[in-house]
Amino acid sequence: MTKRASPDRKLREEGQRWIEKIKAAEKLEKDWLDDAARAVRAYTNEEKAENDEKALGSRYDFNILFANVETIVPAVINSPPVPDIRRRFNDPDPAARIVADIMERAISVQIDDSRLQVEMEAGAQDSFLAGRGVVRLKFKSDILGGEPTDQDIRDADDEADDGADNGRTSEAIGATMFDEDDQATAGMSGNGAPPVERVENERICFEAVSWKDYRHGKAKRWEDRPWDAFRFVIAKEDEEESFDAAMIRSQFDDSEKNAWSKSDGDICGWEIWCKKTRKVKFVSDDGIILKVIDDPLGLKGFFPIPTPMQPIELTGRLKPVNPFSIYRKLADQLDTITKRIDVLTKAMKVRGWYAGETADLKSVLALEDNEFAPIDNGELWSKSQGGIAAAIAFWPVENFIAVLRELYSDREQTKQAIYEITGISDIVRGASSASETATAQNIKSQWGSLRIQKMQRMMERCARDLFVMMSEIIPKLFSLKTLEEMTGIPLLPAPTDTPEQRELKANVVALLRRPLASYYRIDVESDSTIRADLTRQKQEVSQFLQGASAYFAAVAPLVQQGALPADAAVEIFASTSRMFNLGKSVEDTLEKMVTDARTKAEQARQQPQSQEPSPEQAEMALKAKAAQQEEQRLTAEFQARMQRESAKAGIDSQKAERELAIKVLEEELKRLEVQAKQLDVKLKEVDLAAKANALLQPTKQEKANELA
């Protein structure tokens, strides 16, 4: 008789302890969970509608919560976040620059493919509706390859019939179909070993976790919490694929195994991330441990979520506050006023009495528009003062008008009180007074959106934390082949690579395997989660271009005269440009301008000083310049005298021509004498330069001897 295996009680006890911890965490946040559930019901208006005054406030006819949430969420997140990954210090490091480009491109691809914006919008809706929004990361991949099928082996055997098999079996021949270098097959070593599995299509997925499906351990700061738990629901038919069947059955006795096998309901439980053990445990609601895996992501902070988004936070407390609970009383008051307006509006009907046999006030109240009811003793009305007209009495609707006027006024005041509490100003909602000036509207917009800007920074912080986590996951879990295909940057060695290229690729791969968050500044571009106002953006660009044109027009003469160094002028321009939101590409270009200007200035300062002329050469140059100026002066005087002599010429042209010819010869002689003197000066200058070089040559030789 075989001995029955006893169930593993330790696993059952551990699972029960985790369920008790989750229930304790739920109990600590019960007040908030109840408020959040009440807010969701108010948001969806799913309660039964009631029209009587006793049910006022149970269902919102004026759903201010829906209006506020639908206004705030698009104001804080309406475009996908943009990663901005750069070297912490702009040192000339080619490998670091390539790694920064690889990470930025890889993260951008994951953002587009996994619809991060949609999940962040869902998290923002949870945060402003319930009080907490959570977005988590998941790493997924496809496993290809494995054992070849029988058909693969038979096909390979048939193809090898025409050639020599060199003693190989059909299994070995079939296995050669799977070459790890062949992208179309499953991967196989060339020595006949079984084909190996390979991982492809690595990707990061984002998931907005509902506020009802998240629990955490007790702590005062988010980074100190000991565990996180996420709710899951798995179909029973997916048990073998999702969980460890052997571990599950080891916790049951025979009767429990049969009951578990026969159950056809979904498997519900909690996915628990324990920071102390760095393990992930799947525990059912009954305390059954379904599966235990080691740290799947290898993150520095372990948990797969950034700091949750909570619009209302208190120092030293992780329990959120439901935003609707802050102004729920005012929302109830607003709804009460709206319901009373509806009641009075329905009561304002054209109805009344006339002379008849039976009528009372109750029958009049039941009348519809333009209906009349009989009234007793109508003949008394006709005989009384006023005649037949006095026999008809109308329902006094003028009294309702005064009451409705006050109710509408009260409703507007209540709405304004809610807007002041929530921080939604009339400018943020797009409503303004036509009588206001543009300056007044701009001031209201700036101050009215301060609290909205705080919420926008909360969304940017969440996006930044997600990018930091992705920068840790991608180098660890993505293959080089996937990164190369994803980013278009070559990483794998190629036969045509030069030694410098192979060395650079090796440095890039080595740097990828290091913790990037410690070496890089990973941040979100300014306003990247918010679609900027196009008019304001155009005005800023126009102001920048006008200012840049005026600046360069002013400093260009100073740079040409040497009064302002070129690198200083570029540095001043770049510093001023940082006040404008020009985008990363423009900022990189400006940074390159500054670097190039500094390099040119440094090269100019490092040029050898021996190229400057010596005092003797400078003196000779001055003399040559003076001689040239003297020649120019004499030529000018000669031309002036020629003009004067021509004017004095009279009838005796022959005598004048002879005298003029003599004077021309004399002036030509003088000019030749000046040229001779100039040539003599140049010869002396060459002679002095040769003597100077002869004197300097021994000095250079002595320096060479000293260095030797």
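Helix 3 and helix 5 cross in a right-handed way in this predicted model. Their axes sit 9 Å apart, and the packing angle is about 140°. That angle falls short of the cut-off of over 145 degrees for roughly antiparallel, so helix 3 counts as oblique to helix 5. Helix 5 covers residues 116–129. On the helix 3 side, the meeting involves Leu65, Val69, Glu70, Ile72, Val73 and Val76. Across from them, helix 5 brings in Glu121, Ala124, Gln125, Phe128 and Leu129.

Helix 3, which runs over residues 64–76, also packs with helix 2, residues 30–44. Here the axes are 7 Å apart and the angle is about 95°. The two helices are therefore roughly perpendicular to each other. Helix 2 offers Ala39, Ala42 and Tyr43 to this meeting, while helix 3 answers with Leu65, Phe66, Val69 and Glu70. Leu65 of helix 3 turns up in the meeting with helix 2 and in the meeting with helix 5, and so do Val69 and Glu70.

Leucine 65 deserves a look of its own. Leaving aside residues up to four places away in sequence, leucine 65 touches Ala39, Ala42, Tyr43, Leu129, Phe324 and Tyr327. Among these, Ala39, Ala42 and Tyr43 belong to helix 2, and Leu129 belongs to helix 5. Leu65 is also one of the three residues, with Val76 and Leu290, that touch the most other members of the largest nonpolar core. That core holds 83 residues, and helix 17, spanning residues 450–477, gives the most to it, with twelve residues. Apart from this core lies another one, of 13 residues, including Ile22, Ala229, Ile272 and Ile289. As a bit of background, nonpolar side chains in soluble globular proteins tend to be buried together.

Zooming out, the chain has 24 helices and twelve strands. Of its 708 residues, 34% are buried. Taking contacts between residues at least 6 apart in sequence, 71% join residues at least 24 apart.

Another pair of helices comes together further along. Helix 12 (residues 328–347) and helix 15 (residues 398–422) have axes that come within 9 Å and cross at roughly 160°. That makes helix 12 roughly antiparallel to helix 15, and the crossing is left-handed. The contact draws on many residues: from helix 12, among them, Leu330, Leu334, Ile337, Ile341 and Leu344, and from helix 15, among them, Phe400, Val403, Leu404, Leu407 and Ile418. Some residues with polar side chains take part as well, including Gln333 and Arg340 of helix 12 and Asp410 and Arg411 of helix 15.

Helix 12 is also home to aspartate 335. This residue is buried, since its relative accessible area is 0%. The side chain of aspartate 335 makes a polar contact of 2.7 Å with the side chain of lysine 339. Aspartate 335 also comes together with a distant part of the chain: its C-alpha atom is separated by 6.1 Å from that of aspartate 61, although the two residues are 274 residues apart along the chain.

Threonine 482 gives another case of a buried residue with polar contacts. Threonine 482 sits in helix 18, residues 480–487, and counts as buried because its relative accessible area is 12%, with the cut-off set at under 20%. Its side chain is joined to that of glutamate 202 by a polar contact of 2.3 Å and to that of serine 479 by one of 2.9 Å. Setting aside residues up to four places away in sequence, threonine 482 touches Asn201 and Glu202.

Finally, two residues catch the eye for their backbone angles. Most residues other than glycine have a negative phi. Arginine 278, not a glycine, nevertheless has a positive phi of about 50°, and phenylalanine 302, likewise not a glycine, has a positive phi of about 70°. Each of them is found in a loop. Arginine 278 lies between strand 6 (267–274) and strand 7 (279–284), whereas phenylalanine 302 lies between strand 8 (289–294) and helix 11 (323–326). Their surroundings can be set side by side too: arginine 278 counts as partly exposed, at 31% relative accessibility, while phenylalanine 302 is buried, with a relative accessible area of 0%.

Methods: Residues are numbered from 1 along each chain as its sequence is written. This is a predicted model: local features need pLDDT of at least 70, side-chain atom pairs count only at pLDDT 80 or more; totals for chains, interfaces and linings use all residues. Side-chain values use heavy atoms; hydrogens and water are left out. A nonpolar core is a set of buried Ala, Val, Leu, Ile, Met, Phe, Trp, Tyr and Cys residues joined through side-chain atoms within 4.5 Å. Buried means under 20% relative accessible area, exposed over 50%, partly exposed in between (1.4 Å probe, protein chains only). Helices (H or I, at least four residues) and strands (E, at least two) are DSSP runs, numbered from the N terminus. Contact means heavy atoms within 4.5 Å. A polar contact is a pair of N or O atoms within 3.5 Å; within protein, one must be able to donate a hydrogen and the other to accept it, and residues adjacent in sequence count only if both atoms are side-chain atoms. Axes are lines fitted to C-alpha atoms, for helices over the stretch in contact, and angles run from 0 to 180 degrees between N-to-C directions. Angles under 35 degrees count as roughly parallel, over 145 as roughly antiparallel, 65 to 115 as roughly perpendicular and the rest as oblique. A crossing is left-handed if the near helix is turned anticlockwise from the far one by less than a right angle, and right-handed if clockwise.
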